[in-house]
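Let's walk through this fold together, one piece at a time. Keep the viewer open and follow along as the elements come up.

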Amino acid sequence: MLRKIFWEDPYLTHLDTEVATVDGDAVTLASTIIYAFSGGQESDHGTIGGHDVLAARKEGGDIIYTLPPAHGLAPGMKVATTIDWERRYRLMRLHFAAEIVLEIVYRDLGPIEKIGAHIAADKARIDFARGAPVTPELSALSTRANAVIAADLPITSAFSDEAGGRRFWQVPGFDPVPCGGTHLKRTGEVGAITLKRRNIGKGKERIEIFLADLPGPAA
Ligand SMILES: [Zn+2]
């Protein structure tokens, strides 16, 4: 089974590994640091044996990477793999920002149903089923989320079920949260965030999350 090094060490940017299978453009590895879209977190950009990874998708417990057609790789070959760390670290920061905002929304605005989420490298969003706009609560949510970040709390990430590939994270003061994404070590790494509410249709509320040190929301 594929060993997911991005769980063991989400800060690793280079890994020497071995090609497991090749089926045309589709390649699998013995172990990997290259995350595939899951739980709303976008796939990493990276390279396998010097070839750009064009796509990455989960299939069961494995990840299938699409490479350019003339990759020339074969099963058993040793390959160097890399990820675009600047992009991944933004994804990790925005992912955990979304985790914190979500937990605070559940705690302070609950019961409320999450109906979608997406983590990109420039912003994250969480969608909720809710009749009333979150606008009046947004400032308080932002203050509380930024307080959790500023407290620089340790983040525990571990398996809840190793055979089943199920993981969770936990921060002191919060319940454990199931998630198979790549998590930071401390909340302080997120840095200051700003929140923005978007109207996405009747009965739906979107909260967008931006990192204060990266280009902000378009007006
Ligand atoms: Zn997560």
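Two strands count as paired if DSSP finds at least two bridges between them. With that in hand, look at Asp 161, which stands opposite Arg 166 in E13. Please keep in mind that this is a predicted model.

The strands around that pair are a good place to begin. E12 pairs with strand E13 (residues 166-170) through five bridges, and the sense is antiparallel. Step back a little and you will find three strands making an open sheet in the order E12-E13-E14, with antiparallel pairing. At its edges stand strand E12 (156-161) and strand E14 (177-178); each has a single partner strand, so one side of each is left without a neighbour in the sheet. As a general reminder, strands of a sheet pair through backbone hydrogen bonds, either parallel or antiparallel.

Now move to another sheet. Which order do its four strands take? This open sheet runs E10-E11-E16-E15, and its pairing is antiparallel. Its edge strands are strand E10 (113-119) and strand E15 (193-199), each of which pairs on one side only. On average, neighbouring strands here are turned by 20 degrees against each other, with direction ignored.

Let's go through some of the pairings in this sheet. E10 and E11 run antiparallel and are joined by six bridges. For a landmark, take Lys 114, whose bridge partner in E11 is Phe 128. E10 and E11 also form a hairpin, with four residues between them. On to the next pairing: strand E11 (residues 124-129) and strand E16 (residues 204-211) run antiparallel too, and six bridges join them. Here you can pick out Arg 125, which has Glu 208 in E16 as its bridge partner.

Another hairpin can be found earlier in the chain numbering. Strand E7 (residues 55-59) and strand E8 (residues 62-66) pair over five bridges in the antiparallel sense. Within this pair, Arg 57 has Ile 64 of E8 as its bridge partner. E7 and E8 form a hairpin with two residues between them, and Gly 60 in the turn has a positive phi of about 60 degrees.

From strands we turn to helices. How do helix H2 (residues 85-109) and helix H3 (residues 135-150) pack against each other? Their axes are 10 Å apart, and the packing angle is about 125 degrees. That angle makes H2 oblique to H3, because angles from 65 to 115 degrees count as roughly perpendicular and only those over 145 as roughly antiparallel. The crossing in which H2 passes H3 is right-handed. On the H2 side, the contact is made by Ile 100, Val 101, Ile 104, Val 105, Asp 108 and Leu 109; on the H3 side, by Glu 137, Leu 141, Arg 144, Ala 145, Val 148 and Ile 149. Sorted by class, the contact of H2 with H3 has nine nonpolar and three charged residues, and no polar ones.

Stay on H3 for a moment, since Ala 147 is placed in this helix. Is Ala 147 buried or exposed? It has 12 other C-beta atoms within 10 Å and is therefore exposed, the cut-off for exposed being 12 or fewer. Ala 147 and Gly 61 are 86 residues apart in sequence, and their C-alpha atoms are 36 Å apart in space.

The loops that follow these two helices hold some backbone details worth a click. Most residues other than glycine have a negative phi, and most peptide bonds are trans. In the loop between H2 and E10 you will find Pro 111. A cis peptide bond joins Gly 110 and Pro 111, with omega at about -5 degrees. In the loop between H3 and E12 sits Asp 152, which has a positive phi of about 50 degrees although it is not a glycine. Asp 152 counts as exposed because it has 11 C-beta neighbours inside 10 Å.

We finish with Ser 31, which is found in strand E4 (residues 31-32). Ser 31 has 16 other C-beta atoms within 10 Å, so it is partly exposed. Although Ser 31 and Arg 3 are 28 residues apart along the chain, their C-alpha atoms are separated by 4.4 Å. Leaving aside residues up to four places away in sequence, Ser 31 touches Leu 2, Arg 3, Ile 5, Leu 15 and Thr 17.

How values were computed
Residues are numbered from 1 along each chain as its sequence is written. This is a predicted model: local features need pLDDT of at least 70, side-chain atom pairs count only at pLDDT 80 or more; totals for chains, interfaces and linings use all residues. Axes are lines fitted to C-alpha atoms, for helices over the stretch in contact, and angles run from 0 to 180 degrees between N-to-C directions. Angles under 35 degrees count as roughly parallel, over 145 as roughly antiparallel, 65 to 115 as roughly perpendicular and the rest as oblique. A crossing is left-handed if the near helix is turned anticlockwise from the far one by less than a right angle, and right-handed if clockwise. Two residues are in contact if their C-beta atoms, placed from the backbone, lie within 7 Å. Ala, Val, Leu, Ile, Met, Phe, Trp, Tyr, Cys and Pro count as nonpolar, Asp, Glu, Lys and Arg as charged, and the others, Gly among them, as polar. A residue is buried if 20 or more other C-beta atoms lie within 10 Å of its own, exposed if 12 or fewer, and partly exposed in between; C-beta atoms are placed from the backbone.
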